[in-house]
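Please load the model in a viewer and keep the selection panel at hand. The tour below proceeds stop by stop.

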Amino acid sequence: MYIVIMGGGKVGEYLATAMLKQGHEVAVIEQRLSTADHLALTLEGPYLVIHGDGCDSEYQEDAGILKADVFVAVTGQDDANMVACEIAKRVFEVPRCIARVNTPKNNRVFQSLGIESVSSTMLIASMIEEEALLGGVTAVSALSRGDIVIMEVGIPSRLKRFSPARGVPVSMIKLPKGAVIAAIDRREFAEAEIIASDSVLYPGDKAVVIADRYVMDKIRAVFAAL
């Protein structure tokens, strides 16, 4: 994937390093010259560092936003992160925009604009990597401790062990310790329901899972094998 990150401080550097190690291409937009110079000398892999304001569409274009799969804004300013994501989303139609939120009360504002917002740096990295590996698993929120996440797991159209017509009984899904399916989002019918003992998941549904962040890989494997 091609990932554009606005903000090259500690959070941005961590994300850029993590994504480069996973084999992705990364561009970082950083307004402070000294920080941009540091990144240019420190990062390793297929990267680009742009010295400029990530809220300016010209600098986003310089960073290759037109080919970006993900745009991430991780500065310490919520307003700047919101504006940058809006430009990436509305002007350049980037498929996925994620913003770091420094003040939890601003989460609702980001969500109303259709921008994914999280406060955990490691969770942002997980969200990006999940998109690359599976695409149907999304960490949508983090609880206050930062290590408990609420995940949406899409049920694929092609099931390996179950009939698409009959669906997957929730009772047959064996999640690891520290994870539980809490609800079903049936988007095709614009309905949602709390999990019951006889609930069934069908292709196109999304299971809402509450889990410890450290078992996310195991959860991904369970649903990929259905």
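In what order do the six strands of the open sheet with parallel pairing run? The order is β3-β2-β1-β4-β5-β6. Strands here are DSSP E runs of at least two residues, helices are H or I runs of at least four, and both are numbered from the N terminus; two strands pair if DSSP finds at least two bridges between them.

The model is predicted, so local features need pLDDT of at least 70 and side-chain atom pairs count only at pLDDT 80 or more, whereas totals for chains, interfaces and linings use all residues. Residues are numbered from 1 along each chain as its sequence is written, and side-chain values use heavy atoms, with hydrogens and water left out.

**Stop 1: the open sheet**

Select the edge strands of this sheet, β3 (47–51) and β6 (116–118), each of which pairs on one side only. On average, neighbouring strands of the sheet are turned by 20 degrees against each other, direction ignored. Next, select β5 (residues 96–100), which runs parallel to β6 and is joined to β6 by three bridges. I98 has E116 in β6 as its bridge partner.

Now add helix α4 (residues 78–91), which packs on the sheet and touches β1 (2–6), β4 (70–73) and β5. Contact means heavy atoms within 4.5 Å. The direction of α4 makes about 175 degrees with that of β5; axes are lines fitted to C-alpha atoms, for helices over the stretch in contact, and angles run from 0 to 180 degrees between N-to-C directions.

**Stop 2: the loop after α4**

Select E93, placed in the loop between α4 and β5. Is E93 buried or exposed? E93 is exposed, with a relative accessible area of 64%; exposed means over 50%, buried under 20% and partly exposed in between (1.4 Å probe, protein chains only). Phi of E93 is near 55 degrees, a positive value in a residue other than glycine. Most residues other than glycine have a negative phi.

**Stop 3: β8, β10 and β13**

Select β8 (residues 148–154) and β13 (residues 206–212), which run antiparallel and are joined by seven bridges. E152 stands opposite V208 in β13. Strand β10 also pairs with β13 in the antiparallel sense, over six bridges, and A179 has A211 in β13 as its bridge partner.

Within β10 (residues 179–186), select D185. D185 is buried at a relative accessible area of 18%. Leaving aside neighbours within four places in sequence, D185 is in contact with E152, E191, A192, D205 and K206.

Move on to R186, also found in β10. R186 is buried, with a relative accessible area of 10%. Not counting residues up to four places away in sequence, R186 touches E191, E193, V200, L201, Y202 and D205. A distance label between the C-alpha atoms of R186 and A207 should read 8.7 Å, for residues 21 apart along the chain.

**Stop 4: the whole chain**

Finally, select the full chain, which holds seven helices and 13 strands. Of its 226 residues, 46% are buried. Among contacts between residues at least 6 apart in sequence, 58% join residues at least 24 apart.
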